[in-house]
Amino acid sequence: MKIDNSHQHLEAFDAHELLIFAARYCYGRKTIAAGAFARELAEAWPTIPAHTRGVIRRDLEQAFEDDDKARAEGSTYRPLGWDCDRQAWELVRQAWLREGEA
C-alpha cells in the first residue's frame, strides 16, 4: 500500500465548512477541548466570514435556547454541557454582540 503524502485530497474541504462542523461537534461536549474551541472561536470571531458566523450564530442561539429550557426543567442533559462549557460558549455570544450582530 502506497501512502499519499501530498495532502491534495484536503483541498476538497472548505475550511469554513469544517469550522461549522467543529462547532456543531463541540456543542454539549463536556471536555476541555470543547471549551478551548469555544474560547478560540470567540477570539477569532471578527475574522470569520459573515456567512460562517451566521450559521454558527444561528446554531448556537438554538443551543442556548434548548439549554435554558433544559435547565429550567431540571434536566440532567444540558445541550451546552456543564456550567463551565456554557460559559465558554457565552464568550462566543459576547463576541457576536460586540460585532453588532443580533
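Visitor: How far apart should the ends of α4 be, at 1.5 Å a residue, and what is the distance between its end C-alpha atoms?

Guide: A good place to start, and please keep in mind that this is a predicted model. The expected span is 1.5 Å times one less than the number of residues. For the 16 residues of α4 that gives 22 Å, and the end C-alpha atoms are 22 Å apart, so expectation and model agree.

Visitor: Let me step back to the whole chain. How many helices and strands does the secondary structure come to?

Guide: The protein chain has four helices and zero strands. Reading along the sequence gives the pattern α-α-α-α.

Visitor: What share of the 102 residues is buried?

Guide: Buried residues make up 35% of the chain. A residue is called buried when its relative accessible area is under 20%. You can also look at the accessible surface as a total: about 6900 Å², with 55% of that belonging to carbon and sulfur atoms.

Visitor: And what do the contacts say about parts that are separated along the sequence?

Guide: Take the contacts in the chain with a separation of 6 or more: 63% of them are between residues 24 or more positions apart.

Visitor: Back to α4, then. Which of its residues are buried?

Guide: They are Asp85, Arg86, Ala88, Trp89, Val92, Ala95 and Trp96. These residues cover an arc of only 160° around the axis, which means they sit on the same side of α4. Gln87 and Arg98, on the other side of the helix, are exposed.

Visitor: What covers the buried residues of α4?

Guide: The cover includes α1 (15-26), α2 (32-44) and α3. If you follow the chain onward, glycine 100 comes just after α4 and takes a positive phi of about 80°.

Visitor: Now for charges. How many salt bridges does the structure hold?

Guide: The general idea is that side chains of opposite charge can pair when their charged atoms come close. In this structure there are eight salt bridges.

Visitor: Which residue does arginine 86 pair with, and how far apart are the closest N and O atoms?

Guide: Its partner is aspartate 67, with the closest N and O atoms 2.6 Å apart. This pair links distant parts of the chain, as arginine 86 is in helix α4 (residues 83-98) and aspartate 67 is in helix α3 (residues 50-72), 19 residues apart. Arginine 86 counts as buried because its relative accessibility is 17%, and aspartate 67 counts as buried at 0%.

Visitor: Where do arginine 93 and glutamate 90 stand relative to each other in helix α4?

Guide: They are three residues apart, so about one helical turn separates them. Their side chains meet in a salt bridge at 2.7 Å, N to O. Arginine 93 is partly exposed at 24% relative accessibility, and glutamate 90 is partly exposed at 23%. Elsewhere, salt bridges that share partners join Asp67, Asp68, Arg71, Arg78, Asp83 and Arg86 into one network.

Visitor: I also see aspartate 59. Is it buried or exposed?

Guide: Aspartate 59 is buried, with a relative accessible area of 14%. Its place is in helix α3, and its side chain meets that of arginine 58 in a salt bridge of 3.1 Å, N to O. Arginine 58 is partly exposed, at 49%. Setting aside neighbours within four places in sequence, aspartate 59 is in contact with Arg24 and Tyr27.

Visitor: Can we try a loop residue? Where does isoleucine 48 lie?

Guide: Isoleucine 48 is in the loop between α2 and α3. With a relative accessible area of 6%, isoleucine 48 is buried. Beyond its neighbours within four places in sequence, isoleucine 48 is in contact with Leu19, Leu41 and Arg53. The C-alpha atoms of isoleucine 48 and leucine 19 are separated by 9.3 Å, while the two residues are 29 residues apart along the chain.

Visitor: One last feature: how many disulfides are there?

Guide: A disulfide needs two cysteine sulfur atoms within 2.5 Å, and the count here comes to zero disulfides. Looking at two cysteines, cysteine 26 is buried at 10% relative accessibility, whereas cysteine 84 is partly exposed, with a relative accessible area of 46%.

How values were computed:
Residues numbered from 1 in each chain as written. Predicted model: local features only at pLDDT ≥ 70, side-chain atom pairs only at ≥ 80, totals over all residues. Heavy atoms only, no water. Salt bridge = Lys/Arg side-chain N within 4 Å of Asp/Glu carboxyl O. Buried < 20%, exposed > 50% of the residue type's maximum accessible area, 1.4 Å probe, protein only. Helix = DSSP H or I, 4+ residues; strand = E, 2+ residues; numbered from the N terminus. Arc of directions from axis to C-beta. Contact = heavy atoms within 4.5 Å. Areas by Shrake-Rupley, 256 points an atom, 1.4 Å probe, with all protein chains shown as cover.
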